[in-house]
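Colleague: I am new to reading models like this one, and I would like to learn what stands behind the words used for it. Please set each word against its definition as we go.

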Amino acid sequence: DILRIFERAFRRAQIKISYSEGFNPRPKISFAQPLALGIQSVAEFFDVEVKGRLTSEIIEQLNAFLPQGLKIVKAHPIFEKVASLSESIDLTEYEIIILEPVTSFASLDRKLRKLRRTNSIMMEKRVKGQVKQINARPFVEDIKRRGNRIIVRLRTIDRRSLRIDDFAHLIFDKNEAIKIIRRKQLIRIGN
């Protein structure tokens, strides 16, 4: 669990963090958007409430205790009350890598063109243990193919978003070999 990895890194780096109160205290660490199992990411944001003064060496201190493949690249102190990260993320960019050639890139391109042009993309979404039909089209900002890679930009609307693995099944059969990487999480400021 990623939360435990970071909690352990803070403890080993001797950086004190705040915990929730109550019977089962939890570290005050929150991630912007959950990542589905099996999806990789190179673009994660998280908030953490640190006790005491934040030093400029925090990145190096924490990276020394993170496992290979996890690395903090930037840290910014926040001194005022701001919207949560999950409320702030407006767009998320994913890269779907086709590991085995599909039957034809021409048919894939037709499918992507159809998804871009249609006003309604009906799909099933799991919501609180129930499966519901939703129109995914408002969430799709852009979708395009570059060689064996498909770039998908998904909007967050009213703190709701699509699971990229569910959306990928609109394009690919479940038995097709793909790899999905979250490349960017973007906060829109103004227009």
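Colleague: What makes the approach of the Gln-185 side chain to the backbone oxygen of Ala-43 a polar contact?

Modeller: A polar atom of the Gln-185 side chain lies 2.7 Å from the backbone oxygen of Ala-43, and a polar contact is a pair of N or O atoms within 3.5 Å, where inside a protein one atom must be able to donate a hydrogen and the other to accept it, and where residues adjacent in sequence count only if both atoms are side-chain atoms. The value of 2.7 Å is within that limit, so the distance fits the term. Please keep in mind that this is a predicted model, in which local features need pLDDT of at least 70 and side-chain atom pairs count only at pLDDT 80 or more, while totals for chains, interfaces and linings use all residues. Residues are numbered from 1 along each chain as its sequence is written, and side-chain values use heavy atoms, with hydrogens and water left out.

Colleague: Why is Gln-185 called buried?

Modeller: Buried means under 20% relative accessible area, exposed means over 50%, and partly exposed is in between, with a 1.4 Å probe and protein chains only. Gln-185 has a relative accessible area of 5%, and therefore it is buried. Gln-185 belongs to strand β9 (residues 178-186), and, leaving out residues up to four places away in sequence, it touches several residues, including Ala-32, Phe-45, Ile-89 and Thr-92, where a contact means heavy atoms within 4.5 Å.

Colleague: What places Ser-18 and Arg-116 in their classes of accessibility?

Modeller: Ser-18, in the loop between α1 (2-12) and β1 (29-31), has 9% relative accessibility and so counts as buried. Apart from neighbours within four places in sequence, Ser-18 is in contact with Arg-26, Pro-27, Lys-28, Glu-49 and Lys-51. Arg-116 sits in helix α4, and because its relative accessible area is 34%, it is partly exposed. Arg-116 touches Arg-137, Asp-142, Ile-143 and Lys-144, not counting residues up to four places away, and from C-alpha to C-alpha it is 6.8 Å from Ile-143, although the two are 27 residues apart in sequence.

Colleague: How do you know that the buried residues of α1 are on the same side?

Modeller: In α1, the buried residues are Phe-6, Glu-7, Ala-9 and Phe-10. They cover an arc of only 160° around the axis, taken from the directions from the helix axis to the C-beta atoms, and this puts them on the same side of α1. The face turned away from that side carries the exposed residues Arg-4 and Arg-11, while what covers the buried residues includes β1, β3 (46-48) and α2 (58-63). An α-helix has 3.6 residues a turn, so residues three or four places apart point the same way.

Colleague: What makes a set of residues a nonpolar core, and which elements supply the largest one?

Modeller: A nonpolar core is a set of buried Ala, Val, Leu, Ile, Met, Phe, Trp, Tyr and Cys residues joined through side-chain atoms within 4.5 Å. The largest core has 25 residues, and those with the most contacts inside it are Ile-143, Ile-150, Ile-164, Phe-167 and Ile-171. At least two residues come from each of β4 (91-98), α4 (105-117), β7 (140-146), β8 (149-155) and α5 (164-171), and α5 gives the most, with four residues. A second, separate core of 12 residues includes Phe-10, Ala-13, Ile-15 and Ile-59.

Colleague: How do you know which strands are paired, and why are β2 and β7 edge strands?

Modeller: Helices (H or I, at least four residues) and strands (E, at least two) are DSSP runs, numbered from the N terminus, and two strands pair if DSSP finds at least two bridges between them. β7 and β8 pair in the antiparallel sense over six bridges, and β4 and β8 do so over seven, so both pairs meet the definition. One bridge joins Val-140 to Leu-154 in β8, and Thr-92 also stands opposite Leu-154. The open sheet has five strands in the order β2-β9-β4-β8-β7, with mixed pairing. β2 (40-41) and β7 stand at its edges because each has a single partner strand, which leaves one side of each without a neighbour in the sheet.
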